Amino acid sequence: MDLKTLQALPKVELHCHLDGSLSLKAIRQLAKMAQIPVPESDQALAQLTQVQEPIANLGEYLEKFDFVAPLLQTKAALKLAAFDVLEQAAAENVQYIEIRFAPAFSLDQGLSLGETIAAVIDGLKQGEAAFGIHSNLLVCGMRQLDNAANIAAFKAAVPYLHQGLGGVDFAGNEADFPPADLKPAIAYARTQGLPLTLHAGECHCAHNIYESIHLGATRIGHGTALYEQPDLAAYIKAHHACLELCLTSNLQTKAVTNIADYPYDLIRQNQLQACINTDNRTVSNTTLTKEYALFQKYFQTSAATFLQFNLDGIAAAFCAPALKAQLTRQFKAAYQALS
Ligand SMILES: O=c1[nH]cnc2c1ncn2[C@H]1C[C@H](O)[C@@H](CO)O1
Ligand SMILES: [Zn+2]
């Protein structure tokens, strides 16, 4: 399929960070609102916000988020950001998307955790109305913060569950903060009935995938290190966990050093539930269409397999059963019309 056909395919996306996915246009608008100077040329701005040269690891990748953090400190900014990402997603026929962000990074100018969450949901609702897309928010705890701060973020999320919020996640420095360190906040999320996805297996730490599922995650962000411990596939399958695949990001962070190591065959042969995602449209300089094109190029992924990835994503989504049923029907019909 050519890029235009891939772009037109209906898609779902479960793993997309708000702060890593702002268009350059939105970054300029936000910078103006915050009265923060930005370079005039898009090329220079892209250099500040995108991975352009080879980097060593996830730590260096995360440094690329520093530039946008000061731009996301008001309700208006968070709302505009959420609207911007929905606009980009709708332009490539994403029909359902979960967008995640860390409220703890938007408190510099006095917003409360709850206000940051409400503002992002506002932007998502506005985007849904404008673009006919469905969405949910995920609140990220950050691994490098203490459990009290992460519990506070999750506590602020509780009133929004099923009201624009789908669940919670942990992002950040996985190499130094394994799942065991997050136990109190994860336990809190579970007692509150917050659906849980966890970044895991992004730092050559296959054991973190096991541990995250053991702690209650029904989805795993990345899961790349599966290739280093293939027998984990049986455990993932037995627990019906869905892998949120983010190929470009994994190549950039050296979660896999080359495409040959990527556990695609393991995932397909074991019929693991999995879906395709961008992780960060801007930081990774990608789109969901580009991710589909990469899967097609490297793994000869067919339309039928793209459909299966989407059906897996819908089944694992943190949205209402009625929306899942509707999306399932629509996706089956749309992909059938292709063949
Ligand atoms: O792929 C990732 N792994 C771990 N943390 C990540 C990844 N992408 C983004 N983040 C972090 C940086 C953001 O500031 C934060 C919330 O979106 O999540
Ligand atoms: Zn991520």
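This passage describes a predicted model, moving from its annotated domain and ligand shell to its core, two of its helices and a few individual residues.

The UniProt record, in an unreviewed entry, places the feature "domain: Adenosine deaminase" at residues 10–329. In the model, 45% of this span is helix and 15% is strand, and its end C-alpha atoms lie 12 Å apart.

Ligand 1 is a good place to start. It is surrounded by 18 residues, of which the closest are His17, Phe65, Ala102, Cys140 and Ala171. Two elements, helix 4 (58–63) and strand 2 (94–101), each give two or more residues to this shell. By character, the shell around ligand 1 consists of 8 nonpolar, 6 polar and 4 charged residues.

The same unreviewed UniProt entry lists a "binding site" at His17, Asp19 and Gly172. These positions span 156 residues in sequence, yet no two of their C-alpha atoms are more than 12.8 Å apart, so they gather at one spot. Histidine 17 belongs to strand 1 (residues 11–17). It counts as buried because it has 27 C-beta neighbours inside 10 Å, where 20 or more are needed. Beyond its neighbours within four places in sequence, histidine 17 is in contact with Arg100, Phe101, Asp279 and Asn280. Aspartate 19 sits in the loop between strand 1 and helix 2 (24–34), and is likewise buried, with 26 other C-beta atoms within 10 Å. With neighbours within four places in sequence left aside, the contacts of aspartate 19 are Phe65, Val68, Ala69, Leu72 and Phe101. Phe101 thus appears among the contacts of histidine 17 and among those of aspartate 19.

Attention now turns to the interior. In soluble globular proteins, nonpolar side chains tend to be buried together. The largest nonpolar core of this model has 99 residues, and those with the most contacts inside it are Ala81, Ala82, Val120 and Val139. Helix 5 gives the most to this core, with 9 residues. Alanine 82, neighbours within four places in sequence aside, is in contact with Leu18, Ile99, Val120, Gly123, Leu124 and Gly127.

Several of those partners lead to helix 6, which covers residues 113–131. This helix of 19 residues reaches 27 Å from its first C-alpha to its last, close to the 27 Å expected at 1.5 Å a residue. Its buried residues are Thr116, Ile117, Ala118, Ala119, Val120, Ile121, Gly123, Leu124 and Gly127. They pack against helix 5 (75–91), strand 2, strand 3 (134–142), helix 7 (147–157) and strand 4 (165–171). After helix 6 comes glycine 132, which has a positive phi near 65°.

Helix 14 (303–316) offers a second example. Its 14 residues reach 20 Å from first C-alpha to last, close to the 20 Å expected at 1.5 Å a residue. Phe306, Phe309, Asn310, Asp312, Gly313, Ile314 and Ala316 are its buried residues. The packing partners of these residues are strand 1, strand 6 (219–222), strand 7 (242–245), strand 8 (273–276), helix 13 and helix 15 (321–336). Strand 1, which holds histidine 17, is therefore one of the elements against which helix 14 packs.

Threonine 49 lies in helix 3 (residues 42–49). With 22 other C-beta atoms within 10 Å, threonine 49 is buried. Residues up to four places away in sequence not counted, threonine 49 touches Ile27, Lys64, Phe67, Val68, Thr282 and Val283. Its C-alpha atom is separated by 18 Å from that of glutamine 35, 14 residues apart along the chain.

Two loop residues deserve a closing look for their backbone angles. Most residues other than glycine have a negative phi. Histidine 162, by contrast, has a positive phi near 65°. It is placed in the loop between helix 7 and strand 4, and is exposed, with 11 other C-beta atoms within 10 Å. Glutamine 300 also has a positive phi, near 55°. Its place is in the loop between helix 13 (288–299) and helix 14. Glutamine 300 counts as exposed because it has 8 C-beta neighbours inside 10 Å, and 12 or fewer suffice.

Conventions. Residues are numbered from 1 along each chain as its sequence is written. Chains are lettered from A and ligands numbered from 1 in the order in which they are written. This is a predicted model: local features need pLDDT of at least 70, side-chain atom pairs count only at pLDDT 80 or more; totals for chains, interfaces and linings use all residues. A residue is near a molecule or strand if its C-beta atom, placed from the backbone, lies within 6 Å of it. Helices (H or I, at least four residues) and strands (E, at least two) are DSSP runs, numbered from the N terminus. Ala, Val, Leu, Ile, Met, Phe, Trp, Tyr, Cys and Pro count as nonpolar, Asp, Glu, Lys and Arg as charged, and the others, Gly among them, as polar. The expected span of a helix is 1.5 Å times one less than its number of residues. Two residues are in contact if their C-beta atoms, placed from the backbone, lie within 7 Å. A nonpolar core is a set of buried Ala, Val, Leu, Ile, Met, Phe, Trp, Tyr and Cys residues joined through C-beta atoms within 7 Å. UniProt positions are given in the numbering used here, feature names are shortened, and annotations may be inferred rather than shown by experiment.
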